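Me: Could you take me through one part of this model up close, the charged network where the two chains come together? I'd like to know what sits around it too.

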Amino acid sequence: MIQFNLNGKLQRLSVANPNSTLLDYLREIALLRGTKEGCNEGDCGACTVMVTSNAGGHARHRAVNSCILLLPQLQGKSVCTVEGVSSPEGELHPVQEQMISSHGSQCGFCTPGIIMSLVCAHLNRERDHDLALAGNLCRCTGYAPIITAADKAASQPVPEWFSETTTPELPKLPSTGNDDFFLPEDIDELADWYIENPDARLVAGATDVGLWITKKLMDLEKVCFIGAIPELSRVSGNDRELVVGASVTVEDFGRLTESTHPGMKQLIRRFGSQQVRNSATVGGNIANGSPIGDLSPALIAIGARLVLRRGHQRRWIALEDFFLDYGVQDIEPGEFVEAIRLPLAAPDLRCYKISKRFDQDISAVCGCFNITIADDLVENARIAFGGMAATPSRARTTESALTGRPWTATEVNSAGHHLATDFAPISDMRASAAYRLQIARNLLHKCYLDSSRDGISTVYNLEVAV
Amino acid sequence: MSSPTVHRAVAHDAARLHVSGRAAYVDDLEAAGRCLHLAFGLSTIARGKIVAMNLDAVKNHGGVQAVLTAADLPFANDVSPSPYPEPLLAVNEVHFLGQPVFLVVANSHRLARQATQLASIEYEEEEPLLDIDAALAANSMFADPLVYRCGDADGAMAAAAHRITGKITTGGQEHFYLEGQVAMATPTEHRGVMVQSSTQHPTEIQHKVADAIGVPMSSVRVEMRRMGGGFGGKESQGNAPACACAIAARLTGLPCRMRYDRDDDMVITGKRHDFRIYYEAGFDDQGRILAVRFVQYVRCGWSLDLSMPVADRAMLHADNAYHIPNMHISSYRLRTNTQSATAFRGFGGPQGMLGIERVLDHVSHFLDADPLCIRQRNFYPSMNSGIRHRTHYGMAVEDFVLDEIVSDLAKDACYSRRRADIRKWNRRNRYFKRGLALTPVKFGISFTLTHLNQAGALVHVYQDGSIHLNHGGTEMGQGLLIKVAQIAADAFGQPLNRVRISAADTEKIPNTSATAASSGTDLNGMAAKIACDEIVRRLKSFLAERHQVKPHNVIFRDGVFRVGTEDYAFCDTVKQAYLNRVSLSSSGHFVTPKLVWDRLKGQGRPFLYFAYGAAVTEVVIDTLTGENRVLRTDIIHDVGRSLNPAIDIGQIEGGFVQGMGWLTTEELAWDSRGMLTTHAPSTYKIPACSDRPRIFNVTLWQRGRNPENTIYRSKAVGEPPLMLANSVLLALSDAVAACGDSGTYPTLDTPATPERILTAIRRVTGEAVGSQA
């Protein structure tokens with residue numbers, strides 16, 4: 001049994017199919033058809049809704065894709081759809097008003113999702129609308145009038161009727177124990193149960209597993225939702241490292257590391273979209289073993305270690321050693337990723353992502369460089385790539401070739417040739433093998449060029465007067 | 001003129017519904033009672049014979065009500081919009097990977113989709129023809145190559161001082177309408193059916209559905225209130241789901257609905273045609289082009305669909321804005337084992353136009369001249385010059401205004417200064433290069449299939465003076481319905497809110513043409529005006545009779561009839577007319593004048609007029625990665641006298657960004673088996689919000705006025721702005737050219753992904769592609 005609020009009305013589902021998405025529930029059960037299905041895989045944003053959770057007494061509002069959000073993930077939360085944005089008397093929200101007066105809708109099919117992303121940004125007082133809309137595709141307008149609308153609405157206050165959307169405390173549910181899924185609230189409970197049920201599927205944000213349901217059409221039978229376990233969302237640390245719970249969302253991870261690891265900032269900004277980052281978790285991005293997951297190369301370059309837990313036993317493993325082969329990870333039945341331990345010292349980390357599109361694209365190549373220079377010599381080099389092999393991997397030969405050598409253009413170019421030893425990338429719809437190798441080499445060169453300045457230089461942050 | 005309704009930036013009629021989630025699309029409509037859901041089982045190979053099909057597991061899947069193959073179809077198995085057949089379900093053989101082979105009818109969308117995965121089909125595979133080279137090698141064509149020509153291309157080429165040759169490849173494009181293909185059919189009395197379909201062409205749906213269930217067209221009603229985007233992708237591609245729903249509804253007696261999952265949609269439906277164009281151009285020292293020869297190879301996919309008129313239009317736009325006295329264009333319509341390419345905004349125009357824009361750019365590079373000067377030097381003579389040159393298909397260009405638009409744009413956007421600045425900047429920057437390009441658009445308006453240039457409207461005035469407006473045009477977001485409502489409101493001098501906009505409905509307007517070819521407002525607006533004017537005429541003659549004056553002495557202005565010195569309000573007049581048994585309902589029918597066209601000879605006047613516009617775009621590229629960004633775009637576009645400036649600017653901005661996507665990030669890829677590997681937005685990248693030009697100035701050309709007698713002297717705006725994005729490609733090419741001093745022309749193909757840009761950079765810098773730097 002689960003319960004959540006939907007536009008202020010309590011929904012209590014005695015049977016919640018773990019394969020049922022919020023989008024299908026909205027359209028087919030609740031008959032709220034303002035929320036649209038555009039792609040059913042979290043890439044277009046037409047299904048965006050706002051989910052409010054109660055974190056330590058204050059409400060947190062997040063835009064998420066309802067097409068890959070599974071109902072049990074909503075336990076105890078509040079959902080606001082496009083139907084819940086206007087006042088009960090039908091008065092429009094400033095975002096809605098401005099979208100009309102700025103001519104921000106044409107066919108209107110993406111509009112409900114855009115309204116929800118912007119309403120959420122408005123409520124959270126976030127003004128970077130390119131960021132807020134990175135996960136909302138519009139095929140008609142070219143976006144300019146939507147941005148105009150968002151900018152105009154930003155200066156208007158949150159309407160009174162809408163600012164009261166904090167989550168009321170929902171009554172605690174009795175543990176029925178006969179559900180089609182397991183929803184533990186305690187880490188030890190999970191650990192014990194998973195040993196007994198190693199064939200179960202652990203689901204955190206469902207941004208990957210959701211597609212197994214919507215695209216592979218799988219009916220998952222034994223599912224454990226781990227989003228309600230406080231320990232897994234916890235962040236701790238000391239002056240040497242940060243310990244990040246596996247269920248910390250990518251969005252929260254980005255905020256957390258903005259000051260500690262600024263070199264990851266643009267990479268995380270380009271990770272999926274806000275909707276995806278709000279659901280996706282650090283642990284999930286690692287545990288699914290994708291060769292092109294964007295966090296892993298950065299974390300490997302930093303020297304992150306995973307905390308793997310099985311029952312009451314824990315082991316620690318360097319992240320690069322976790323990935324054995326395509327889709328194969330070093331993880332035992334009943335074992336799960338509990339946390340990531342992230343060294344704080346990576347002041348020269350630089351991460352580059354190459355893809356066809358700036359926002360919400362999968363990397364053709366993601367190159368992360370953590371190279372320490374002392375007295376013009378390379379003291380230490382950790383270089384990791386995504387998209388270059390069957391797993392996110394270190395460029396070990398290249399690292400060796402650089403280490404101890406002068407940090408000069410000639411040396412760097414010469415070391416770059418070793419990338420062809422480190423990697424034999426494939427050709428696919430994202431890029432050819434030759435381009436991938438060329439880019440890997442050029443990114444090392446770019447890292448060298450950028451090492452004389454702060455951050456990275458790309459066409460996206462280049463300041464030119466036109 | 002100060003009409004309170006036309007020429008005003010009125011919001012889209014459904015804007016308030018859009019933003020509150022209350023605008024209903026086909027899949028949002030409630031079925032009348034229990035409803036069944038459909039899904040297609042798709043071919044898993046690109047070409048071969050079906051040897052055996054075992055669908056037992058499909059039939060036994062929970063919730064499945066029926067499974068149909070071609071053999072089970074009661075009547076026509078054909079969803080083709082052309083005379084060339086295109087089966088709804090494959091008959092004995094399959095022609096592309098993704099072709100519908102069987103149809104599942106089930107209790108839910110998910111159950112139907114799941115069931116489709118359980119089929120066991122044995123094929124005898126044949127080698128598929130996947131690309132242009134394979135089709136050419138196998139001589140796989142839909143028709144003999146078509147040739148359009150003017151002058152003596154051979155002679156002029158031989159005599160020219162300079163010659164260049166080259167090749168440009170343009171990629172296809174997925175429509176990516178946010179709302180996928182969807183239809184619902186509900187059985188009605190006397191074996192009829194009511195179809196709600198997301199379609200640009202209700203009459204085509206009606207026609208194909210009638211054939212599919214063996215009834216006359218009069219037994220099929222098709223209704224279309226709004227689409228969630230169309231872009232040409234719903235001109236013919238909606239036939240299959242609509243026919244499937246109608247067949248299943250007839251079979252089961254229940255409402256049936258079908259929506260393609262996005263991945264299925266991308267795998268099944270047609271896309272923009274990809275082209276390979278070879279060119280040869282002869283020109284003089286000043287860059288005046290004397291002769292051009294084009295060979296256009298068009299990948300049409302497995303069925304004919306609309307490929308003939310698409311390929312024709314590419315030939316018709318091979319001159320764009322330039323008068324080229326000697327031209328020879330041959331066009332090959334190649335049949336391949338891939339999705340059947342279909343209509344897409346521009347309809348072949350963009351590809352044809354890009355061919356000549358490439359030639360102009362290449363010529364300028366050859367002469368080391370400013371491409372803008374070379375372009376201007378080759379323009380058709382100005383409308384005001386009194387000189388009329390003919391196009392290569394014999395149509396006199398009488399309305400040419402690009403000379404004025406381009407000079408306005410070059411001035412407003414500081415073209416010359418920026419070109420100099422960029423040159424300086426590029427000298428100082430080794431790793432980043434900027435590029436600038438100004439390109440014009442001249443786009444012919446009218447369907448090239450002449451009989452399609454007609455439209456109908458139906459207008460009722462009720463006794464309270466409220467107005468019901470209906471016409472054959474469909475709304476896909478382009479603002480057609482609000483524009484026509486503005487026209488009707490103005491015709492009656494009534495406020496806009498007195499006009500009730502209604503769904504396109506084949507029971508109200510028969511024999512409609514697709515809402516396509518940018519013609520929606522030109523045709524339907526004029527038809528509506530004719531209908532409104534007829535009612536006004538009757539009201540005038542009613543008043544004339546009542547007051548014993550001549551009808552022409554009854555003046556109607558701003559909603560008031562004046563007879564002598566007396567004024568009669570519209571509503572009062574309507575009421576009186578009703579009481580005196582005057583008909584207050586009228587249809588209107590409009591036919592585009594002046595069109596004469598022989599498509600085989602390539603001679604005549606296929607278009608009523610041309611729409612014009614120009615764009616100047618500045619980009620920056622990263623020479624280490626090929627990444628790029630549009631920094632600024634300035635556009636001046638001619639919509640004649642704009643019916644609704646807000647809607648028109650929206651079309652221009654949206655069309656430009658869509659064109660930019662086609663030329664940059666949107667890349668379709670097929671694997672060696674013919675599987676489309678970019679079948680979802682995860683792998684197929686349309687422009688996102690942050691891709692729009694950082695600075696984006698769009699203006700309507702203020703002096704615009706259509707010399708032809710179109711509705712309020714406006715011009716069509718749907719397709720032409722897409723081709724303004726040619727400036728993006730050529731600005732990228734300009735930036736690439738700045739990387740080298742070897743004199744090598746970049747020959748940048750599309751889509752210009754970071755990879756293609758990097759490859760072009762290596763070409764101009766003389767590094768062999770793929771070599772170790």
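**A salt-bridge network and its surroundings**

Reply: A:R27, A:K36, A:E37, B:D27, B:D28, B:R257 and B:R259 are linked in a network of salt bridges, a salt bridge being a side-chain nitrogen of Lys or Arg within 4 Å of a carboxyl oxygen of Asp or Glu. Keep in mind that this is a predicted model, where local features need pLDDT of at least 70 and side-chain atom pairs count only at pLDDT 80 or more, while totals for chains, interfaces and linings use all residues. Residues are numbered from 1 along each chain as its sequence is written, chains are lettered from A and ligands numbered from 1 in the order written, and side-chain values use heavy atoms, with hydrogens and water left out.

Start with one pair from that network: B:D27 and A:R27 form a salt bridge, with 3.2 Å between the closest N and O atoms. A:R27 sits in helix α1 of chain A and B:D27 in the loop between α1 (15–20) and β1 (36–42) of chain B, so this pair joins two chains. Both B:D27 and A:R27 are buried (buried is under 20% relative accessible area, exposed over 50%, partly exposed in between, with a 1.4 Å probe and protein chains only).

Now follow A:R27 into its helix. In α1 of chain A (residues 22–29), A:R27 shares the buried list with A:L22, A:L23, A:Y25 and A:L26. (Helices are DSSP runs of H or I, at least four residues; strands are runs of E, at least two; both are numbered from the N terminus.) What do those buried residues of α1(A) pack against? They go against four strands of chain A: β1 (2–6), β2 (9–13), β3 (48–55) and β5 (78–80). After α1(A) comes A:L31, with a positive phi near 55°.

Chain A has another helix that reaches across to chain B. Six of the eight residues of α2 (94–101) are buried, namely A:P94, A:V95, A:Q96, A:Q98, A:M99 and A:I100. They pack against α3 (111–123) and α5 (144–154) of chain A, plus α1 of chain B. Just after α2(A), A:H103 has a positive phi too, about 60°.

Zooming out, the salt-bridge rule gives 80 over all chains. One of the others is A:D199 with A:K222, at 3.2 Å from N to O. That pair spans 23 residues, from the α7 (187–196) to β7 (201–203) loop, home of A:D199, to the α8 (209–214) to β8 (223–225) loop, where A:K222 lies. A:D199 is exposed because its relative accessibility is 56%, and A:K222 is partly exposed at 32%.

In chain B, B:D133 and B:R276 also make a salt bridge, 2.9 Å from N to O. B:D133 is in helix α4 (132–137) and B:R276 in strand β13 (274–283), so the bridge ties together parts 143 residues apart in sequence. At 44%, B:D133 is partly exposed, whereas B:R276 is buried at 13%.

One last stop in chain B is B:Q200, in the loop between β10 (193–197) and α6 (202–213). B:Q200 is buried, at 2% relative accessibility. Past its neighbours within four places in sequence, the contacts of B:Q200 include B:M227, B:F231, B:K234, B:E235, B:T474 and B:T515 (contact means heavy atoms within 4.5 Å). B:M227 is 27 residues from B:Q200 in sequence, with 8.1 Å between their C-alpha atoms.
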